[in-house]
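Biologist: Could you take me through one part of this model slowly, as if I were new to it? I'd like a close look at the salt bridges and the places they join.

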Amino acid sequence: MLSFLRSWILGLAGAAIFCGLITELCPSGAAKKVLKLLCGAVMSIALVSPLIKLDMPSYSLNLAKYRNHAENISLSAKNEADSYSRSFIEEQCRAYILDKAVSLGIHVNDAAVKMKWNSAGFWYPYECIINGDYNAVLADYIECELGLGADKQKWRTDENT
């Protein structure tokens, strides 16, 4: 495909250079007008000639390959964006838990939030793991703000981490 475009562009450029030189070398008058008309025909032929030689089945096959390749790239980009979106939301939820623990004066070593994909098309917090002693106040905040009930919260003390 690229060699086709390359040869087409080179052909057009060659015809344009040839026509430009011939037109400049020709003296003014009726001969120059006829020569300009002929140069226009040469340029038209140079523009259309590769299309006449074009192998349509091969072109269609290449076009289908490029379309499939573009779809694969698009799907890969969407998956990558979804992954970044999930990671971002997980980190924001983790930061919320840790910040809330600090503001309440509760010692929490770390927190992790697992996400699930909703059929409506977005990520939501599904489960959290908190490394620290259980605290009912923090657990209530997590339930109210992140929607993670007691059954979705796993508390790990320093002894069982």
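Modeller: Let's start with R94 and D110, whose side chains meet in a salt bridge, 2.9 Å from N to O. This is a predicted model, by the way. The pair ties together distant parts of the chain: R94 sits in helix α3 and D110 in strand β1, 16 residues apart. Neither end is hidden away completely: R94 is partly exposed, at 25% relative accessible area, and D110 is partly exposed too, at 28%. There's also a little network here, as salt bridges with shared partners join E91, R94 and D110.

Now have a look at the helix that R94 belongs to. Helix α3 runs over residues 56–104 and reaches 71 Å from its first C-alpha to its last, close to the 72 Å expected. Its buried residues are C93, I97, L98, K100 and A101, and what covers them includes β1, β2 and α4. Just after α3 comes G105, with a positive phi of about 75°.

Next, hop over to E127 in strand β2, which pairs with K114 in strand β1, 13 residues away. The closest N and O atoms of K114 and E127 are 3.5 Å apart. E127 counts as buried, because its relative accessibility is 11% and the cut-off is under 20%. K114, at 42%, is partly exposed.

E127 also meets K154 in a salt bridge, at 3.0 Å from N to O. That one spans 27 residues, with K154 in strand β3 and E127 in β2. K154 is partly exposed, at 39% relative accessibility. The whole structure holds 5 salt bridges.

Note on methods
Residues are numbered from 1 along each chain as its sequence is written. This is a predicted model: local features need pLDDT of at least 70, side-chain atom pairs count only at pLDDT 80 or more; totals for chains, interfaces and linings use all residues. Side-chain values use heavy atoms; hydrogens and water are left out. Helices (H or I, at least four residues) and strands (E, at least two) are DSSP runs, numbered from the N terminus. The expected span of a helix is 1.5 Å times one less than its number of residues. Buried means under 20% relative accessible area, exposed over 50%, partly exposed in between (1.4 Å probe, protein chains only). Contact means heavy atoms within 4.5 Å. A salt bridge is a side-chain nitrogen of Lys or Arg within 4 Å of a carboxyl oxygen of Asp or Glu.
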